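Trainee: Could we go through this structure together, one question at a time? I would like to see how each answer is reached.

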Amino acid sequence: MAIEVVWTSYGRPAAEALHAAVTAAKGGEALAPVTVVVPSNHVGVAARRLLSSGALGPVAGQGVGLAAVTFVTPYRLAELLAAPAVAASGRRPVSTPVLAAAVRAELAEAPGIFGPVRAHPATEAALVATYRELRDCSDTALEALAATSGRAAEVVRLHRAVRGRVAPSWSDEEDLLDAATELAGGPAAAALGAVVVHLPQVISRHAGRLLRALADHVPTSVVAGVTGVPVADAEVRRSLDRLGVTGEPTGEGDPTPVE
């Protein structure tokens with residue numbers, strides 16, 4: 001099932017595009033479920049308040065208010081779909097202290113080029129942060145990164161070693177997103193109703209896979225906000241690529257470049 005995209009400017013036009021998408025998804029039935037995937041919780045709160053206020057018109061039928069519309073971030077969406085399955089596997093959500101302990105253990109055993117600074121708190125903090133960044137990378141990307149320099153190769157080596165330490169007993173955001181992707185055709189996904197991805201900003205590789213998988217089973221659309229300035233829109237375009245959305249803004253209501 002293809003993902004439909006609506007191109008819009010930010011601000012009021014984006015809110016109106018979301019209103020139209022939710023209204024179309026409900027098809028006049030106030031209790032028809034719709035799930036709106038938002039870039040952050042505060043965007044979800046603002047969008048919910050605006051739609052429920054009636055300022056943009058009724059969402060279903062007549063009157064004000066909003067029912068059966070859930071606003072979630074990609075991570076929260078994955079929790080709804082797969083948290084029980086991941087918990088049943090016996091793995092617990094990983095925390096920063098757990099990652100830090102794994103980094104310390106690896107530095108103690110095989111510090112490599114980090115030997116002279118392996119006990120420094122800044123080394124540990126930097127490697128924990130780097131681990132989280134690299135978790136969204138594919139094996140191919142990690143290999144390409146490792147090939148760029150000796151230091152990069154050491155960072156990748158440590159990343160993989162730490163991953164080997166925590167993976168058997170602990171799960172992270174990427175594990176949850178992967179598990180949710182595998183369950184995209186299940187009953188929990190069907191209960192989401194239509195899915196609207198509202199103003200995607202930075203969608204990770206794992207989150208993109210989940211949303212593409214959902215689109216194979218439930219109606220999915222994207223309200224894509226762009227400014228018309230290529231540099232400003234680059235991250236949004238990258239996220240849309242991960243969703244498999246192609247094409248360019250066309251039509252009277254599309255954004256124009258900001259001077």
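What follows is a short conversation about a predicted model.

Trainee: Let's start with the strands. Is strand β7 largely enclosed or exposed?

Mentor: Look at both faces of the strand. T220, V222 and A224 point one way from β7, while S221, V223 and G225 point the other way, and all are buried. That makes 6 of the 6 residues in 220–225 buried, so β7 is largely enclosed.

Trainee: Which residue of β7 is the bridge partner of W7?

Mentor: Begin with the strand pairing. Strand β1, residues 4–8, runs parallel to β7 and is joined to it by 5 bridges. In β7, the bridge partner of W7 is A224.

Trainee: And which residue of β7 is the bridge partner of V197?

Mentor: Here the pairing is between β6, residues 194–198, and β7, in the parallel sense over 4 bridges. Within β7, V197 has as its bridge partner V222.

Trainee: What is the handedness of the crossover from β6 to β7?

Mentor: Follow the chain out of β6. It passes through helix α10, residues 205–215, before reaching β7. This β-α-β crossover is right-handed.

Trainee: Now a single residue: which backbone nitrogen does the side chain of S239 reach?

Mentor: S239 sits in helix α11, residues 230–242. At 1% relative accessibility it is under the 20% cut-off, so S239 counts as buried. Leaving aside neighbours within four places in sequence, S239 is in contact with Q201, V202 and I203. At 2.8 Å, its side chain reaches the backbone nitrogen of I203.

Trainee: Which element gives the largest share of the lining of the largest pocket?

Mentor: The largest pocket has a volume of about 330 Å³. Of its 18 lining residues, the closest to the centre are Y75, P93, S171, D172 and E173. At least two lining residues come from each of α3, β4, α5 and α8. The largest share, 5 residues, comes from α3.

Trainee: Is α8 largely enclosed or exposed?

Mentor: Count its buried residues: E174, D175, L176, L177, A179, A180 and T181. Their cover includes α3, α7, β5 and α10. With 7 of the 10 residues buried, α8 is largely enclosed.

Trainee: Last one: which residue caps the N-terminal end of α8?

Mentor: Look for a side-chain oxygen by the start of the helix. One lies 3.2 Å from the backbone nitrogen of E174. The residue that supplies this oxygen, and so caps the N-terminal end of α8, is D172.

Technical notes
Residues numbered from 1 in each chain as written. Predicted model: local features only at pLDDT ≥ 70, side-chain atom pairs only at ≥ 80, totals over all residues. Heavy atoms only, no water. Buried < 20%, exposed > 50% of the residue type's maximum accessible area, 1.4 Å probe, protein only. Pairing = 2+ DSSP bridges. Right-handed = clockwise from strand over helix to strand, strands pointing away. Polar contact = N/O pair within 3.5 Å; in protein donor to acceptor, adjacent residues only side chain to side chain. Contact = heavy atoms within 4.5 Å. 1 Å grid on protein atoms, 1.4 Å probe; cavity = no way out; pocket = protein on both sides within 12 Å on 5 of 7 lines; lining within 4 Å. Points joined across faces, edges and corners; volume = space filled by probe spheres on them.
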